[in-house]
Amino acid sequence: MKANTFGSANPTLVVESVIPLSDAELRQISLNLGLDPNQLTLVNQKTASLIGGMRISYQGQVLDLSLENKLNRIRE
Amino acid sequence: MEILFPQILFQIVNFGIIVAVLYKFLYKPILKILDQRSQKVSQGLQAAEANLKAQEELDDKVKSELKQAQSEASKVVKSAKTDAEKQAQEILAKAREEAGTIVAKERASMEASFAQEKKQMEADFAAMVTQTTKELLATYLTDSEQKKIIDHQIKDLKNYHFQA
């Protein structure tokens, strides 16, 4: 697990993936989402069961881009 | 031949006496008996006529009452037949309605059951396909392929925005 800590008061952006992501990738993720990485605590969490893609959590909101999620949605 | 007037007179007197006696003791009783007999016959005839008339009146009355009874019986039978037909139609209509309700209910139940089974089968099939796909992806998706997917998704993140 990697973390960019800019103060404990910053909100946390958690990115789950099967493979580890670099800090640059995490910052790019926050930028692409329209969030300032300097005002966030960036966390990369390895989740083995997550297949094909990543799942991003931010302040109770979840953006699940994994293939597993897409398959589950197809099943539903 | 000598005619003797005294003897003739005697014979006449004798004949007169015999006629008087016969008239008195034979003719009158017989006539009386005949009158009584005739009267009895007449009475019998009158009684027979009266009886016959009474019998005819009785027959007419019986016929009239029989006719009335037949008419009433016919009315009763007709009424009963009409009631029975009406009741039969009501029973038939009710039975048809109940049968329709039962059939509709059974059909709805079968359709619901079929839909439920279809939904379950679709869910099972989707679950099977999903599980198989997951297992295949988990087995055969390499890290480089995972990386490519993630890189692609990072580029697409511009289409998503979290609420700050």
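In the predicted model, the secondary structure of chain B consists of two helices and zero strands. Of the 164 residues in this chain, 6% count as buried, and the chain exposes about 14800 Å², to which carbon and sulfur atoms contribute 61%.

Helix α1 of chain B spans residues 5–140, a run of 136 residues. From the first C-alpha of this helix to the last, the distance is 189 Å, which is close to the 202 Å expected at 1.5 Å a residue. The helix nevertheless contains a kink of about 45°, and this kink is centred on B:Tyr23. B:Tyr23 also belongs to a nonpolar patch on the surface, in which it is joined by B:Ile18, B:Leu22, B:Leu26, B:Tyr27, B:Ile30, B:Leu31 and B:Leu34. Together, the residues of this patch have about 770 Å² of accessible area. One member, B:Leu31, is located in helix α1 of chain B and counts as partly exposed because its relative accessibility is 36%, a value between the 20% under which a residue is buried and the 50% over which a residue is exposed. Elsewhere in α1 of chain B, the residues B:Ala126, B:Thr130 and B:Lys134 are buried. In an α-helix there are 3.6 residues a turn, so residues three or four places apart point the same way.

Helix α2 of chain B covers residues 143–156 and includes B:Lys147 and B:Asp151. The side chains of B:Lys147 and B:Asp151 form a salt bridge, with an N to O distance of 3.2 Å. Because these two residues are four residues apart in the helix, about one helical turn separates them. Both partners are accessible to an intermediate degree: B:Lys147 is partly exposed at a relative accessible area of 30%, and B:Asp151 is likewise partly exposed, at 29%. Over all chains, the structure holds four salt bridges.

Chain A contains two helices and five strands, and its elements follow the order β-β-α-β-β-β-α from the N terminus on. Of the 76 residues in chain A, 51% are buried, and the accessible surface of the chain comes to about 3800 Å², with 49% of this area belonging to carbon and sulfur atoms. Among the contacts in chain A with a separation of 6 or more, 59% are accounted for by residues 24 or more positions apart.

A network of salt bridges in chain A links A:Glu16, A:Arg55 and A:Asp64. In the pair formed by A:Arg55 and A:Glu16, the closest N and O atoms are 3.1 Å apart. A:Arg55 lies in strand β4 (residues 54–58) and A:Glu16 in strand β2 (residues 12–17), so this salt bridge ties together parts of chain A that are 39 residues apart in sequence. The side chain of A:Arg55 also meets that of A:Asp64 in a salt bridge, for which the N to O distance is 3.2 Å. The acidic partners in this network are both buried, A:Glu16 having a relative accessibility of 12% and A:Asp64 a relative accessible area of 19%. These values are under the 20% cut-off for a buried residue. In general, side chains of opposite charge can pair when their charged atoms come close.

A further set of contacts in chain A involves two loops. A:Pro11 is found in the loop between β1 (2–4) and β2 of chain A, where it counts as partly exposed at 23% relative accessibility. With neighbours within four places in sequence left aside, A:Pro11 is in contact with A:Gln39, A:Leu40, A:Thr41, A:Tyr58 and A:Gln59. The C-alpha atoms of A:Pro11 and A:Tyr58 are 7.6 Å apart in space, although the two residues are 47 residues apart in sequence. Another of these contact partners, A:Gln59, occupies the loop between β4 and β5 (61–64) of chain A. The phi angle of A:Gln59 is near 50°, a positive value in a residue other than glycine, and A:Gln59 is partly exposed, with a relative accessible area of 48%.

Methods
Residues are numbered from 1 along each chain as its sequence is written. Chains are lettered from A and ligands numbered from 1 in the order in which they are written. This is a predicted model: local features need pLDDT of at least 70, side-chain atom pairs count only at pLDDT 80 or more; totals for chains, interfaces and linings use all residues. Side-chain values use heavy atoms; hydrogens and water are left out. The expected span of a helix is 1.5 Å times one less than its number of residues. The bend at a residue is the angle between axes fitted to the seven residues ending there and the seven starting there. Buried means under 20% relative accessible area, exposed over 50%, partly exposed in between (1.4 Å probe, protein chains only). Patches are made of residues with over 30% relative accessible area and no salt bridge: like charges are joined within 9 Å, nonpolar side chains (Val, Leu, Ile, Met, Phe, Trp, Tyr) within 5 Å. Accessible areas come from the Shrake-Rupley method with a 1.4 Å probe; for residues, only the protein chains shown count as cover. Contact means heavy atoms within 4.5 Å.
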